[in-house]
Amino acid sequence: MRRLGLRTRVTAAFAVGALLLSASMALVSYELTRRSLLDERERTALRAAYFDATVVRAGLDTDTPDVVEVLRSLDTGGSRRPVLHLDGEWYARTADPSTTAAIPVELRRVVAAGEPAVQRVRVDGQSVLVVGVPLSASATYFEVNSLRELEQTFQVLALALTTVAIMVAGSGAALGWYATRHGLRPLTAVADAAEKIAAGDFTARLDTATDPDLTRLSSSFNQMVDRLAHRIERDRRFAADVSHELRSPLQTLAAAASVLARRREHQDERTAIAAGLVADEIDRFQRLVNDLIDLARSDQPAHRAPVDVVALARDACRALDLPTTLVHLAPDVPATWLVERRRVAQVLANLLDNAVTYGGGPAGVRLSRDGSTGVIEVEDDGPGVPVEDREAIFDRFVRGRAAHTRGTGDGTGLGLALVAQHAAAHAGHVTVGDRPGGGACFRVTLPESLP
């Protein structure tokens, strides 16, 4: 499973924390309220039962008491049902056996022993409160109090507390999302700056005044970028300086080799072969130095300007004696792109040269678009590039179809590395895949190059 992001985890933690806290508070509030209401109802029922028992006792102190009439004279409302047990007989207002059945046997025994008692029981799925008061040795008075309204109050209270808990959990999630959005804003700035630096823009810096708590991080990040940019610039200048210094002795060697080549007919066979090898290696050495100079200059961001890419592609084909009919411009794609002419010209030249050298010749140069991104595709008729080598071939000093092979062939091993560098200078990238029908297809993307 894909691991959840930091913002999702923090938001979920806030939501779960708020839910647990609100649920705990809701349970405590519910239980305290429930006990308080039940205790108050029990006290009220006791007071009412004692008062009614006094009235019943007074009604029974006559010579010929009418028990049913005495019970009917009680003001019990609709929630209390009086029951009298006198001389082994049960008396109630109505002939409802469920009223008598609601009185537990244990409660009867305790009240009959002369002790008042209270007990909550369930009758037909509803809670009732039974209060028993002893009147005499032969009479006990009971009141069965319905708790239906109190249970409805509990249900409403539980629903309200549950709704509040859910709302608090939602508020916690919203608070977590808001907190992470603002809390991660400095990290987003760091990520944006790191992306710009990875794309070759070493001018990206963090604002140290944004957050006092992150001043140390911002300062350390800026110092790291400064040192990295200084080191890269120093290495770039060193490579450029070395390459420039090599040009003069190479020109001298090239001139001497050309003299030897012109006098080849006056040399014996072995000397002529050796002179030819020297001339070839000097030519390759010169191309390597030129590529190193270009590579040293390729780390800077591209300087964009309107360029006729179709004409540039055709010029690259002519330079290699290839037909200009290889260039195909997709419909609805303008010929003028906003790119750096020198870099794109070298991209086309290197990809076409790679197709000639390693791919059995180019099969097409296609210019298309993906939104505002310009796309250059160079296809060849070769055997293609193995999947395991499709990233390594863009490393420096890797030549041919077999990655990490050095010292063979006539290439310098920097052609595709330069293509990758020039694409990165335009905030794009280069990839290689399979061409339909066989061969390789090198794809270069140049973002923000088309209207």
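This is a short walk through a predicted model, going from its helices to its strands and then to its charged side chains.

Let us begin with helix α6, which covers residues 185-198. This helix has 14 residues, and the distance from its first C-alpha to its last is 20 Å. That is close to the 20 Å expected at 1.5 Å a residue. Now look at how its residues face. P186, V190, A193 and I197 are buried. These four cover an arc of only 65 degrees around the axis, so they sit on the same side of α6. Turn to the other side of the helix and you will find E195 and A198, which are exposed. If you colour these two groups of residues in your viewer, you can follow the buried side and then the exposed residues on the other side.

Next comes helix α5, made of residues 148-183. Which residues make a nonpolar patch on the surface? They are F14, L175, W177 and Y178, and their patch has an area of about 420 Å². Helix α5 gives the largest share of the patch, with 3 residues. Y178 is found in this helix, and its relative accessibility is 47%, so Y178 counts as partly exposed. To be called exposed, a residue needs a value over 50%. Another residue of α5 is V164. With 45% relative accessibility, V164 counts as partly exposed too. V164 also shows how a folded chain can bring together residues that are apart in sequence: L19 is 145 residues away along the chain, while the two C-alpha atoms are separated by 9.7 Å.

Let us move on to the strands. Strand β1 (residues 80-86) pairs with strand β2 (residues 89-92) in the antiparallel sense, over 4 bridges. Within this pair, L84 stands opposite Y91 of β2. The two strands form a hairpin with 2 residues between them, and here D87 takes a positive phi near 55 degrees.

A second hairpin is built from β9 and β10. Strand β10 spans residues 373-380, and its antiparallel pairing with β9 runs over 8 bridges. One place to spot the pairing is P362, which stands opposite D380 in β10. This hairpin has 2 residues between its strands, and G371 takes a positive phi near 70 degrees. Strand β9, residues 362-370, has another partner as well: 3 bridges join it to strand β7 (residues 327-329), and those two strands run parallel. There, H328 of β7 has R366 in β9 as its bridge partner. While you are looking at strands, a general rule is handy: in a regular strand the side chains alternate between the two faces of the sheet.

Now for the charged side chains. Side chains of opposite charge can pair when their charged atoms come close. How many salt bridges does the model have? The count comes to 16. E340 takes part in two that are worth finding. Its side chain meets that of R342 at 3.5 Å, N to O, and that of R343 at 2.9 Å, N to O. E340 has a relative accessible area of 9%, so it is buried. R343 is buried along with E340. R342, by contrast, has a relative accessible area of 30% and is partly exposed.

A further salt bridge joins E379 and R435, at 3.5 Å from N to O. This pair links distant parts of the chain: E379 is in strand β10, while R435 is in the loop between β11 (429-434) and β12 (440-446), 56 residues apart. E379 counts as buried because its relative accessibility is 9%. The two residues also belong to a network of salt bridges that links R366, E379, D381 and R435. You have met R366 already, as the bridge partner of H328.

Our last stop is a loop. H303 lies between α8 (269-297) and β6 (305-308). Is H303 buried or exposed? Its relative accessibility is 60%, so H303 counts as exposed. Although H303 and R341 are 38 residues apart in sequence, they are 8.7 Å apart in space, C-alpha to C-alpha.

Note on methods:
Residues are numbered from 1 along each chain as its sequence is written. This is a predicted model: local features need pLDDT of at least 70, side-chain atom pairs count only at pLDDT 80 or more; totals for chains, interfaces and linings use all residues. Side-chain values use heavy atoms; hydrogens and water are left out. Patches are made of residues with over 30% relative accessible area and no salt bridge: like charges are joined within 9 Å, nonpolar side chains (Val, Leu, Ile, Met, Phe, Trp, Tyr) within 5 Å. Accessible areas come from the Shrake-Rupley method with a 1.4 Å probe; for residues, only the protein chains shown count as cover. A salt bridge is a side-chain nitrogen of Lys or Arg within 4 Å of a carboxyl oxygen of Asp or Glu. Buried means under 20% relative accessible area, exposed over 50%, partly exposed in between (1.4 Å probe, protein chains only). Two strands pair if DSSP finds at least two bridges between them. The expected span of a helix is 1.5 Å times one less than its number of residues. The arc is that of the directions from the helix axis to the C-beta atoms.
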